[in-house]
Amino acid sequence: MGKLVRTSLAIEEDLTERLDALLKESRCANRSEFIRDLVRNELVRKEWAKDEEALGTVTIVYAHDKRELSRKLVSLQHHHVAVVLASTHVHLDHDLCAEMIMVRGKAAAIQQLADLLRAQKGVLHAALSMSTTGKKMASSHRAHRHRGLHAHP
Ligand code: NI
């Protein structure tokens with residue numbers, strides 16, 4: 001964690017009540033933790049909006065019996081090798097497969113790959129989880145020591 005500073009906010013009473021209701025649902029320990037998460041989420045949203053380097057996962061669900069589809073999905077990943085880090089295939093049941101594709105790159109390039117995967121005939125669902133490389137949140141990460149668990153460049 002970076003150095004913590006105390007700050008105060010002026011918020012309308014009814015908004016404070018809503019904040020506390022959201023806080024309760026979120027399982028965050030306190031308002032500070034909740035607001036820190038809100039700010040980080042907003043930073044990540046802006047990274048995506050500004051087409052910065054991002055990290056994400058595309059999950060697709062499809063029926064494997066469509067032979068052409070499996071081939072096409074693999075081909076699409078090869079064409080976007082610059083953003084595809086890895087993928088994991090899961091056999092959901094007799095007919096259905098899921099593939100979780102881990103991606104890193106310009107937000108627009110990731111979005112384009114997700115859209116292409118979603119658009120393939122036979123893909124039942126495609127979801128893009130938008131995360132971050134963490135660079136904008138680096139002070140909270142690099143400032144602390146991992147006690148030898150792993151090293152940072
Ligand atoms: Ni499968």
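**Stop 1: helix H2**

Select residues 31-49. This is helix H2. H2 has 19 residues. From its first C-alpha to its last, H2 reaches 27 Å, close to the 27 Å expected at 1.5 Å a residue. Keep in mind that this is a predicted model.

Step just past the end of H2. Asp51 takes a positive phi there, about 55°.

**Stop 2: the whole chain**

Zoom out and colour by secondary structure. The chain holds five helices and four strands. Along the sequence, the pattern reads α-α-β-α-β-β-α-β-α. The chain has 153 residues, of which 11% count as buried. Now consider contacts between residues at least 6 apart in sequence: 67% of them join residues at least 24 apart.

**Stop 3: the sheet**

Show the strands alone. In what order do the four strands sit in the sheet? The order is S2-S3-S1-S4, in an open sheet with antiparallel pairing. The edge strands are S2 (84-91) and S4 (123-132), and each pairs on one side only. On average, neighbouring strands are turned by 15° against each other, direction ignored.

Bring H2 back into view. H2 packs on this sheet and touches strand S1 (53-63) and S4. The direction of H2 makes about 115° with that of S4.

**Stop 4: the S2-S3 hairpin**

Select residues 84-91, then add strand S3, residues 96-106. S2 and S3 form a hairpin, with four residues between them. They run antiparallel and are joined by seven bridges. Two pairs are worth labelling. Ser87 has Ile101 of S3 as its bridge partner. His89 stands opposite Glu99 in S3.

Is S2 well covered or hardly covered? Strand S2 is hardly covered: among its eight residues, the count of buried ones is zero.

**Stop 5: strand S1**

Move to residues 53-63, strand S1. On one side, S1 joins S3 through eleven bridges, and the two run antiparallel. Label Thr57 here; Met102 of S3 stands opposite. S1 also pairs with S4, in the antiparallel sense, over nine bridges. For that pairing, label Leu55, which stands opposite Ser131 in S4.

Now colour S1 by face. The covered face holds Ala54, Gly56, Val58, Ile60 and Tyr62. The uncovered face holds Glu53, Leu55, Thr57, Thr59, Val61 and Ala63.

**Stop 6: the nonpolar core**

Select Ala54, Val58, Ile60, Tyr62, Leu73, Val83, Ile101, Val103, Ile110, Leu113, Ala114 and Leu117. Show their side chains. These twelve residues make up the largest nonpolar core. S1, S3 and helix H4 (107-119) each supply at least two of its residues. In soluble globular proteins, nonpolar side chains tend to be buried together.

Centre on Val103. Which residues does Val103 contact, leaving aside its neighbours within four places in sequence? The contacts are Gly56, Thr57, Val58, Val83, Val84, Leu85, Ile110 and Leu113.

**Stop 7: helix H4**

Select residues 107-119, helix H4. H4 has 13 residues, which should span 18 Å at 1.5 Å a residue. Its end C-alpha atoms are 18 Å apart, so the span agrees.

The buried residues of H4 are Ile110, Leu113, Ala114 and Leu117. Look down the axis of H4: why do its buried residues line one face? They fall within an arc of 100°, so they line one face of the helix. What covers them includes S1, helix H3 (67-79), S3 and S4.

Turn the helix over. The face of H4 turned away from the buried side carries the exposed residues Ala108, Asp115 and Ala119.

**Stop 8: Leu76 in helix H3**

Finish at Leu76, in helix H3. Is Leu76 buried or partly exposed? Count its surroundings: 16 other C-beta atoms lie within 10 Å, so Leu76 is partly exposed. A buried residue needs 20 or more, and an exposed one has 12 or fewer.

Add Leu117 and draw a distance between the two C-alpha atoms. Leu76 and Leu117 are 41 residues apart along the chain, and their C-alpha atoms are separated by 7.5 Å. Leaving aside its neighbours within four places in sequence, Leu76 is in contact with Leu113, Leu116 and Leu117. Of these, Leu113 and Leu117 are among the buried residues of H4.

How values were computed:
Residues numbered from 1 in each chain as written. Predicted model: local features only at pLDDT ≥ 70, side-chain atom pairs only at ≥ 80, totals over all residues. Pairing = 2+ DSSP bridges. Axes fitted to C-alpha atoms, helices over the stretch in contact; angles between N-to-C directions. Contact = placed C-beta atoms within 7 Å. Expected span 1.5 Å × (residues − 1). Core = buried A, V, L, I, M, F, W, Y, C linked by C-beta atoms within 7 Å. Arc of directions from axis to C-beta.
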